[in-house]
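Me: Please take a close look at one part of this structure, its charged pairs, and start with a single acidic residue. Then follow the thread to the other places worth knowing for someone new to it.

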Amino acid sequence: MGQGTQALRLARLGHQVTGVEQDTTMIAAAREALAAQPEGIRARVRLVQGDGRDTGVHFLPGSFDVVLCHGVLMYAEEPDALLAGLARMLAPGGLLSLLVRNGDALALRPGLSGDWAGALAAFDTLTYRNRLGLDVRADRLASLTATLAGIAAPLHAWYGVRVFTDTAADDAPIPDDLGTLLAAEERAGRTDPYRRVAALLHLCGVRG
């Protein structure tokens with residue numbers, strides 16, 4: 001869950017949220033952010049320090065209606081083990097939501113930035129260096145579709161994320177026409193062929 005930003009947003013919307021995080025610095029930041037919230041929000045959030053692969057230590061099978069794994073798989077050396085642990089926690093009909101780097105579009109960011117050597121090299125790998133300077137990995141839609149089927153949470157729907165805006169600078173100002181930008185991104189993210197070249201993929205698997 002990182003520093004808990006999404007967990008707190010979900011709690012503010014009224015959801016009961018359990019956040020799992022292994023890194024001591026991140027979970028300390030999440031606890032600090034949670035402590036600053038009103039009592040009603042604090043009561044809806046449980047923070048667990050642990051690895052997503054050891055879900056059996058903390059949770060009974062079928063404990064959750066929704067499990068979110070956003071921006072995590074790229075750091076996992078053994079993603080299949082992590083995904084199996086997450087799927088184990090899903091109740092029947094539960095949703096597993098994954099946000100991953102698109103391994104079929106790794107050449108686009110360097111190519112659009114004019115890094116032609118980087119673009120050529122990206123065609124033959126699933127590893128890349130992210131904006132934090134870390135060497136991480138991407139996932140392919142076909143491979144994840146097969147994995148979700150194998151862990152009894154087959155793919156229900158998928159979307160592209162950051163089709164048009166992946167090369168925007170981290171400190172870029174928010175444009176005046178933000179609503180139009182988001183509408184264009186949302187439309188492209190659910191429309192072929194645009195969604196297939198998005199920087200990120202959002203996959204939703206549903207437990208049978």
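Reply: D192 has a relative accessibility of 39%, so it counts as partly exposed. The model is predicted, and every value here is computed from it. D192 takes part in a salt bridge with R195, where the closest N and O atoms are 2.8 Å apart. R195 is at 15% relative accessibility; because the cut-off for buried is under 20%, R195 counts as buried. This salt bridge therefore joins a partly exposed residue, D192, to a buried one, R195.

D192 also forms a salt bridge with R196, and here the closest N and O atoms are 3.5 Å apart. R196, at 44% relative accessibility, is partly exposed. Elsewhere, R109, R162 and D166 are joined into one network by salt bridges that share partners. The total comes to ten salt bridges.

Another of these pairs is R42 with E39, whose closest N and O atoms are 2.7 Å apart. Both belong to helix 3 and are three residues apart, so about one helical turn separates them. R42 has a relative accessible area of 32% and is partly exposed. E39 is partly exposed as well, at 48% relative accessibility.

R42 leads on to Q37, a residue in the loop between helix 2 and helix 3. With residues up to four places away in sequence left out, Q37 touches R42, L8 and R12. Q37 has 14% relative accessibility and therefore counts as buried. A polar atom of the Q37 side chain lies 3.4 Å from the backbone oxygen of A33. Compare the positions of Q37 and R53: they are 16 residues apart in sequence, and their C-alpha atoms are 29 Å apart in space.

L8, one of the residues that Q37 touches, belongs to helix 1, residues 5-12, where the buried residues are A7, L8 and A11. These buried residues cover an arc of only 95° around the axis, which means that they sit on the same side of helix 1. They pack against strand 1 (17-21), helix 2 (24-35), helix 3 (39-42) and strand 2 (45-49). Helix 3, which holds R42 and E39, is thus among the partners of the buried residues of helix 1. Just after helix 1 comes G14, with a positive phi of about 105°.

Helix 8, residues 141-150, can be read in the same way. Its buried residues are L141, L144, T147 and L148. Viewed down the axis of helix 8, they fall within an arc of 125°, so they line one face of the helix. The face turned away from that buried side carries exposed residues: A142, A146, A149 and G150. As for what lies against the buried residues of helix 8, they pack against helix 5 (79-88), strand 4 (90-101), strand 7 (155-161) and strand 8 (200-206). After helix 8 comes A152, and its phi is positive, near 65°.

To return to the starting point, D192 is partly exposed and pairs with R195 at 2.8 Å and with R196 at 3.5 Å.

Terms used: Residues are numbered from 1 along each chain as its sequence is written. This is a predicted model: local features need pLDDT of at least 70, side-chain atom pairs count only at pLDDT 80 or more; totals for chains, interfaces and linings use all residues. Side-chain values use heavy atoms; hydrogens and water are left out. Buried means under 20% relative accessible area, exposed over 50%, partly exposed in between (1.4 Å probe, protein chains only). Helices (H or I, at least four residues) and strands (E, at least two) are DSSP runs, numbered from the N terminus. The arc is that of the directions from the helix axis to the C-beta atoms. Contact means heavy atoms within 4.5 Å. A polar contact is a pair of N or O atoms within 3.5 Å; within protein, one must be able to donate a hydrogen and the other to accept it, and residues adjacent in sequence count only if both atoms are side-chain atoms. A salt bridge is a side-chain nitrogen of Lys or Arg within 4 Å of a carboxyl oxygen of Asp or Glu.
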